[in-house]
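I opened this model to see how the chain is put together. My notes follow in the order I looked things up.

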Amino acid sequence: MKKNDSIFLVRAVLICIFIMLSSCASRKDVVYFQDTQNFETLVNDNTFVSKFKVDDLVSIHVSSLNPEASAPFNLFRGSSEGGFRAEQIDYLVDQAGEIDFPVIGKLKIEGLSPDEVRVLLREQLSDYLKDPIINIRLRNFTVTVLGEVLRPGTYPVNGEQITILEALGLAGDLTLRGVRNNVLVIRDFNGTKVYSRVDLTSKDIIKSPVFYLTQNDVVYVEPNKSGIKETSLDGRATIYVSIASVLITSTVILITRN
């Protein structure tokens with residue numbers, strides 16, 4: 001084999017390997033909100049309000065000007081004696097959508113917002129307390145982000161609302177291989193799964209009914225074609241490199257001998 005032919009073979013092998021193991025993405029594949037204009041003002045008229053669901057774990061604390069009168073409406077585990085702080089017991093929304101509240105009994109809160117539950121409780125407590133202060137918090141508010149993100153996983157949410165953009169931020173944002181115009185949100189309504197897709201490249205995402213996530217929502221970012229191709233090549237990458245090494249080594253030996 002001639003020396004020039006051997007060099008050409010080495011270059012050809014390296015170029016083929018580079019093409020197989022590399023990928024590229026255009027601007028429209030990776031940029032968010034591509035249809036926004038400079039100094040454009042967008043009014044978010046999304047009227048989303050979080051609602052309680054079955055299996056939610058809800059913290060409710062009732063207080064008033066009379067601590068002794070409000071004490072029966074707060075359940076605690078343990079004793080505050082001996083320097084130990086008693087732990088307040090949370091309420092689990094059962095399969096009927098109800099919680100068992102002290103003194104009052106069963107209250108149906110499924111489908112109600114925290115503000116609506118406060119109004120309901122004030123009405124029920126009006127015979128016992130004057131101007132009660134009611135603090136309500138969802139204790140098991142989590143969202144799960146999977147697929148082509150930097151840190152897939154399940155994340156706790158502090159507060160009553162989180163947007164899909166904030167959830168993706170918790171997961172470290174999408175990788176360059178993630179499909180941005182077809183992100184899937186899986187939502188559970190008492191055992192019924194609802195699948196919705198959103199386009200992160202459009203400003204209209206704020207109008208989507210899943211722009212604000214609810215507890216236990218799952219966000220899935222699928223890989224683009226280059227990501228799928230790269231995944232399929234991962235198992236063969238070692239083989240390609242091994243073959244290239246053999247070819248290059250053989251070629252170098254031939255060149256040396258010539």
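**Entry 1. Contacts and totals.** I began with contacts between residues with a separation of 6 or more; residues 24 or more positions apart account for 63% of them. I note here that the model is predicted. I then took stock of the secondary structure, which comes to six helices and twelve strands. Of the 258 residues in the protein, 34% are buried. The exposed surface is about 16000 Å², and carbon and sulfur atoms supply 56% of it.

**Entry 2. The three-strand sheet.** I looked up the order of the strands and found S4-S1-S7, an open sheet with antiparallel pairing. Strand S4 (91-92) and strand S7 (133-138) stand at the edges with a single partner strand each, so each has one side without a neighbour in the sheet. I then checked how S1 and S4 are joined. Strand S1 covers residues 57-63, and two bridges join it to S4 in the antiparallel sense. Val 58 stands opposite Tyr 91 of S4. Next I asked which helix packs on this sheet. It is helix H4 (residues 114-125), which touches S1 and S7. The direction of H4 makes about 140° with that of S7.

**Entry 3. The core.** I recalled the general rule before looking: in soluble globular proteins, nonpolar side chains tend to be buried together. Here the largest nonpolar core has 43 residues. Ile 60, Phe 101, Ile 164 and Leu 168 are the residues with the most contacts inside it. I listed the elements that give two or more residues to this core: S1, strand S5 (98-101), H4, S7, strand S8 (142-147), helix H5 (164-170), S10 and strand S12 (218-221).

I picked Ile 60 for a closer look. Which residues does Ile 60 contact, leaving aside its neighbours within four places in sequence? I found Asn 74, Gln 88, Tyr 91, Ile 99, Phe 101, Leu 121, Ile 134, Asn 135 and Ile 136. Phe 101 is also one of the core residues with the most contacts. Tyr 91 is also the residue that Val 58 stands opposite.

**Entry 4. The five-strand sheet.** I traced a second open sheet, in the order S9-S8-S12-S10-S11. Its pairing is mixed. Strand S9 (153-156) and S11 stand at the edges; each has a single partner strand, so one side of each lacks a neighbour in the sheet. The twist averages 20° from one strand to the next.

I followed S10 to both of its partners. Strand S10 (residues 183-189) and strand S11 (residues 192-198) run antiparallel and are joined by seven bridges. S10 and S12 also pair in the antiparallel sense, over three bridges. Val 185 has a partner on each side: Ser 196 is its bridge partner in S11, and Val 219 stands opposite it in S12. I checked the turn as well. The hairpin of S10 and S11 has two residues between the strands, and Asn 190 takes a positive phi near 50° there.

**Entry 5. Salt bridges.** I counted twelve salt bridges. The side chains of Asp 94 and Lys 106 meet in one of them, at 3.5 Å, N to O. Asp 94 lies in the loop between S4 and S5, and Lys 106 lies in strand S6 (residues 105-108), so the pair ties together parts that are twelve residues apart in sequence. Are these two buried or exposed? Asp 94 has 23% relative accessibility and counts as partly exposed. Lys 106, at 52%, counts as exposed.

I looked at Glu 110 next. Glu 110 forms a salt bridge with Lys 108, with the closest N and O atoms 3.5 Å apart. Glu 110 is partly exposed, at a relative accessible area of 22%. Lys 108 is partly exposed too, at 46% relative accessibility.

Then I turned to Glu 222 and Arg 197. Their closest N and O atoms are 3.5 Å apart, in a salt bridge. Glu 222 sits in the loop between S12 and helix H6 (225-257), and Arg 197 sits in strand S11, so this pair ties together parts that are 25 residues apart in sequence. Glu 222 counts as partly exposed at 25% relative accessibility. Arg 197 is partly exposed, with a relative accessible area of 48%. My last find was a network: salt bridges with shared partners join Asp 115, Arg 118 and Glu 160.

Key
Residues are numbered from 1 along each chain as its sequence is written. This is a predicted model: local features need pLDDT of at least 70, side-chain atom pairs count only at pLDDT 80 or more; totals for chains, interfaces and linings use all residues. Side-chain values use heavy atoms; hydrogens and water are left out. Two strands pair if DSSP finds at least two bridges between them. Helices (H or I, at least four residues) and strands (E, at least two) are DSSP runs, numbered from the N terminus. Contact means heavy atoms within 4.5 Å. Axes are lines fitted to C-alpha atoms, for helices over the stretch in contact, and angles run from 0 to 180 degrees between N-to-C directions. A nonpolar core is a set of buried Ala, Val, Leu, Ile, Met, Phe, Trp, Tyr and Cys residues joined through side-chain atoms within 4.5 Å. Buried means under 20% relative accessible area, exposed over 50%, partly exposed in between (1.4 Å probe, protein chains only). A salt bridge is a side-chain nitrogen of Lys or Arg within 4 Å of a carboxyl oxygen of Asp or Glu. Accessible areas come from the Shrake-Rupley method with a 1.4 Å probe; for residues, only the protein chains shown count as cover.
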